[in-house]
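Here's a walk through one model, with the sequence and structure to follow along. Keep the viewer open and hop between the chains as you read.

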Amino acid sequence: MIATHTFPYRVRVTVLVLFTIMSAIVTEACVREEDISLEQRAYQLSGELMCPVCDGQTIDGSNAQIAVDMRLKVTNLLQEGNTNAEILDYFSDRYGEEILAAPTGKGFNMLAWIFPALIVTAALGIALYTIKHMKSSVLNNEPKSSSTGNISIKHTDLSEYLDRVDKDLGIKKDSTIQAKQEKEDEEEN
Amino acid sequence: MADLGAMALLLGLVVSCYAAAASVLGEKMRIAELIVSARRSIYMTALCAAVASGTLIFAFAENDFSIEYVANHSNTLMDRAFVWVAFYAGNEGSLLYILLILTVISSISIWVAPTRLERSMPWTIAILAVIQLFYFAVLTLSASPFELMENVPEDGRGINPLLTHPGMFSHPPLLMGGLIAITVPFAFVSGALIAGNFGDDWVDVARVSAIIAWGVLGIGMLLGAWWAYTILGWGGYWAWDPIENVALMPWLVLTAFIHSIMVQKRRGMFRMWNVALLNIAFVLAQLGMFINRGGPVVSVHSFAASTLGMIFLSFMLASLVFAFALFLWRMPALKSDRNMESFMSREASFLVNNFLFLSVMAITLWGVLFPLFSDFARDVSVTVSAPYFDRANGPVLLGIVMMMGVGPLLPWRKASARSLKQWFIWPTAALLLIITFLVIAGIQRPVAIFAFGVVGFVAASILEEWWRGSYARHRNGDNWALAWWRLVNGNRPRHGGYIVHISILMIGLGIIGTNFYQQRTDGAISLGESLVIDNYRIQYIDRGDDSRPDRVAQWAEISIYKIEPSDYAYEFDLALSQGSNGFTLEDSTRRKNDKLIDTIKPWHGFYLDFNMASVRSGIRSTFIEDLYVIPRDFLNDGRVSLAVSINPLAWWLWASGPLFIIGTMIALWPQPAVETRPAKKNTKQSPAES
Amino acid sequence: MNQRRSVLVGVGVPVLFVISLMTWGVIQNNGQAGQTSVNNQFGEVSLSVDANADFELVSLDGETISIEDFRGSIVVVDFWSSWCAPCKAEGPVLAKTYDKWKNRGVEFIGIAIWDSKEPVEEFIELNKINYVNGIDPDGRIFVDFGVSGIPEKFFVTPEGQIVRKIIGPNTSKTLDDILTDMTDAVLGIGDAQ
């Protein structure tokens, strides 16, 4: 085995990636709605409100008259200085919760948002558990000699890969490579 | 005429009954002739479905309004080219179309099925026959397209105007065809399981038929998105509508399947898992049929709605019970040949990607169901639409794209630290470089920047492998193109897969661009006036009437100028102070740097009988961004009300289509050398392993 | 088999949940074509607006009117359009009912939406409508009142409290019943509000 330094490579990569993701999300969340032009906010809000008389369309996507009027209302409310949340409340007070294109994160509707997180966590958990389980189960009938590990490491080295490419091509310059290759194929299957 | 079609359907019903019974009996009583007759009966059902479909299409072509379905979905004004579209424009016709596809692909698949599946064929035939039977029964008993009108009308009601678009020739048939095609791999695998054929004999058949269903479904969805983008006139392309979702869900599961089936093919692992995935995909396809035909959720695609909800729900339930019971029964026999060796292996990464695909599926299903749940639990209606799915699925989809770069870089079995470093250094560098570059370039939206980085990471990983593989060949004297082609040919499933991955990355680019960087403005302008947004000025220069007896329609001619925003600095400042990105310009005199680049002719029509508006957007497309103009309305005072948007990278969404098809074809192309090897090895190894 | 049982439970339970929900949905007839902008069915629905809400409507004569102006009368606010079929059917009913009730402390206000001046005036003339009407050209009022279709009516007490919302076309009887209830309540008769 190749010795690893203070932190294994994969830990370092994971930390780096996680750090980038976190900082991206944090920065994104810091964009305040006051920094966006009213017009863009109106479009954004139109995409969050359903058209009450057109099945499954937002007022942004509908050409129905009521959608036109509701878009105008959104613009007016924005010009009066309402926040996005206030505007969404304004509409759900009048047209019911179903006017909102996505459920609120409050009360019962929190379920709608919690579930996806649970699903992903559970899925990843099951996947990792399965891999672990499949690693340790006893159904393996391949010989587990110490050499197996070494070969499989070497096998994945770049030079070996390139040799394999050569072999796929039919360019067998070196009979030893070929021999090694065949041995590996045996291993692999 | 109508009698011929109805007779054909009735005959098909009887014949598929016979096929199912003969097949099972023949197997149980060991009468080979019965099985052969069952096999031929399946061909016969295809003939029946073809005759029925031909009759209906002929009735459309002949304007035979004595048939209710024809009268409801066509009229004499309809362009004859749309006869094909009218065929599946309604509930009954689309069912007949599905049946046609089902019988034809059933016939083809049992025709070409390899002989080593001989033992399980009777069961496969029986399963196919039962599914056909269901459709024949529905079409004969409760949704016949050949019902006659009591009073034959002078003219029909006409075709739904939204369907008169070139995309409609292919989008609905591909989508429906893809959904029903999942039946084939399911029937083969289930047949093998019932027959106790637990080896890997079915792997190739299941893989090929699943990839075909998957590819067809994928292209069908892409065409649907393209149709929505160009005709629905809302500027989007994917609305997360329930009907779209139920097509997406089986597609996601099939995507997981066509990855993990490679693990079984190469390593003899994941057998149970692959069977489970196919079963889930099949049940989800039935769910799709059910939601489409009177399911309990509100959808924008209401024209296919019907009252068949209960019937299709029952059939879905039956498929579910069958698939689940079969799985539980045969579970113990579906063991893997090998252990997983490492978390850092391709097997492991495929398993993780599989679970991510299933997560997106489950989240989507949850979103589709949540309104029902809310109705049930507290009697309050809620809506779950695009904003929910974007937020809930977006991060997981990004994770899947990430895995798309990681997975292929990992070798089978186990990766060493050294090879990890060797393979990951360039893609990681690409990720960091792209992010740094975009940040320095002052691009906004960190999440999008990160997503671009991920796309770059995956692209780099593919290019890296291609480069290394081609380079090795190039050294041996091939020119680069030939070297690359030989590399691809050497392992078609793998490199075909990479080509599909690139097409997915292109879709990813389009999604990031349009979701994060879209700019919009709207306004009503008179002839000669302009709307200005970003670095475009669009000027309304002409209008015309295109009304027909069934519609009031107008078009506008609009010139697109590329401008230098600094020429309009004053107006931009003014607009911005009023909270707007774009503005209307009454005086459209050309300024110094204005350059005419294109002329578009968006069109707006209103169909009186349907009380429905339909538009053709004017799109000026480049691979950097689309200028997208929707004519919302032609006002009485002569102005036209326009919604204008700049959709960055939208071009890539549609450009991905051909690449997707090419990649799928390459992955599918038979490769004798690779395909026979594992089979041979299996026989050689099986004594040692069992 | 242990594994079997865990699959049975792990997959079976969520699947059962999904299936029962869908069955329930189909039986409830959910998902049938939703609401349209024309209300053909008569019915009472819960209030979509604050009880104290008011509006400023410019009438066809150019006066600005609001509910406040009719304090002391029971007010019926009707949202309608000249082109909508149930509104057409309802036109003569409304005209007659108003004439019958106007001397008993009941006022009507008609608000035409998605409409223009000429057809509205034609409609009023045709049906001999005597109560005040105005047009809400860009939805300022009806969106504020949570109106999503036509016809929709709001009933207001003499104190200016909006108390009921009725959608769809009325007959003389339905209107008479509601107005009787409301006048009774004002006079303190019966068990109505």
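How many residues does the contact take from chain A and from chain C? The answer is 15 from chain A and 18 from chain C. Keep in mind as you read that this is a predicted model.

## Where chain A meets chain C

Put together, chain A and chain C bury about 1300 Å² between them, and 52% of that sits on carbon and sulfur atoms. On the polar side of things, the interface has five residue pairs in polar contact, with both partners at pLDDT 80 or more. Looking at who supplies the chain A side, helix H3 (65-79) and helix H4 (84-95) of chain A each bring at least two residues to the surface touching chain C. H3(A) gives the largest share, seven residues. By type, the chain A side splits into eight nonpolar, two polar and five charged residues.

Two salt bridges cross this interface. In one of them, A:Lys73 pairs with C:Asp144, with 4.0 Å between the closest N and O atoms. Zoom out a little and there's a network of salt bridges here, linking A:Lys73, A:Arg94 and C:Asp144.

## Chain A on its own

Chain A is easy to summarise: eight helices and zero strands. Read from the N terminus, the elements go α-α-α-α-α-α-α-α.

Of the 189 residues in chain A, 41% are buried. Take the chain A contacts with a separation of 6 or more, and 40% of them come from residues 24 or more positions apart.

## Salt bridges in chains B and C

Over all chains, the count comes to 28 salt bridges. In chain B, have a look at B:Arg271 and B:Asp200, whose side chains meet at 2.5 Å, N to O. B:Arg271 is in helix H11 of chain B, while B:Asp200 is in the loop between helix H8 (183-195) and helix H9 (203-232), so the bridge ties together parts 71 residues apart in sequence. Is this pair, B:Arg271 and B:Asp200, buried or exposed? Both are buried.

Another chain B bridge joins B:Asp204 and B:Lys265, with the closest N and O atoms 2.8 Å apart. This one also links distant parts of the chain: B:Asp204 belongs to helix H9 and B:Lys265 to helix H10 (residues 242-267), 61 residues apart. B:Asp204 has 13% relative accessibility, so it counts as buried. B:Lys265 is buried too, with a relative accessible area of 10%.

Over in chain C, C:Glu152 and C:Lys165 form a salt bridge at 3.1 Å, N to O. C:Glu152 lies in strand S7 and C:Lys165 in strand S8 (residues 162-167) of chain C, so the bridge ties together parts 13 residues apart in sequence. Both residues of this pair, C:Glu152 and C:Lys165, are buried.

## Aromatic rings

There are 56 aromatic pairs over all chains. Why does the pair B:Trp273 and B:Phe355 count as stacked? The ring centres are 4.9 Å apart and the planes sit at 15°, and the cut-off for stacking is planes under 30 degrees apart. Along the chain these two are 82 residues apart, with B:Trp273 in helix H11 (residues 271-292) and B:Phe355 in helix H13 of chain B. B:Phe355 is buried, at a relative accessible area of 9%.

For the other arrangement, go to C:Phe145 and C:Phe154: their centres are 5.3 Å apart and their planes at 80°, so this pair is edge-to-face. C:Phe145 and C:Phe154 are both buried. Ring pairs also build a cluster out of A:Phe108, A:Phe115, B:Trp366, B:Phe370, B:Phe373 and C:Phe17.

## Backbone oddities

Two non-glycine residues to check are B:Asp379, with a positive phi of about 55°, and C:Lys128, with a positive phi of about 50°. B:Asp379 is in the loop between helix H13 (346-378) and helix H14 (386-409) of chain B. It is exposed, with a relative accessible area of 66%. C:Lys128 is in the loop between helix H3 (117-126) and strand S6 (132-136) of chain C, and at 61% relative accessibility C:Lys128 counts as exposed.

Lastly, C:Ile150 and C:Pro151 are joined by a cis peptide bond, with omega about -5°. You'll find C:Pro151 in the loop between helix H4 (140-144) and strand S7 (152-156) of chain C.

Definitions and conventions: Residues numbered from 1 in each chain as written. Chains lettered and ligands numbered in written order. Predicted model: local features only at pLDDT ≥ 70, side-chain atom pairs only at ≥ 80, totals over all residues. Heavy atoms only, no water. Contact = heavy atoms within 4.5 Å. Buried area = accessible area lost by both parts, 1.4 Å probe. Polar contact = N/O pair within 3.5 Å; in protein donor to acceptor, adjacent residues only side chain to side chain. Helix = DSSP H or I, 4+ residues; strand = E, 2+ residues; numbered from the N terminus. Nonpolar A, V, L, I, M, F, W, Y, C, P; charged D, E, K, R; others polar. Buried < 20%, exposed > 50% of the residue type's maximum accessible area, 1.4 Å probe, protein only. Phe/Tyr/Trp six-rings, centres within 6.5 Å; stacked < 30°, edge-to-face > 60°.
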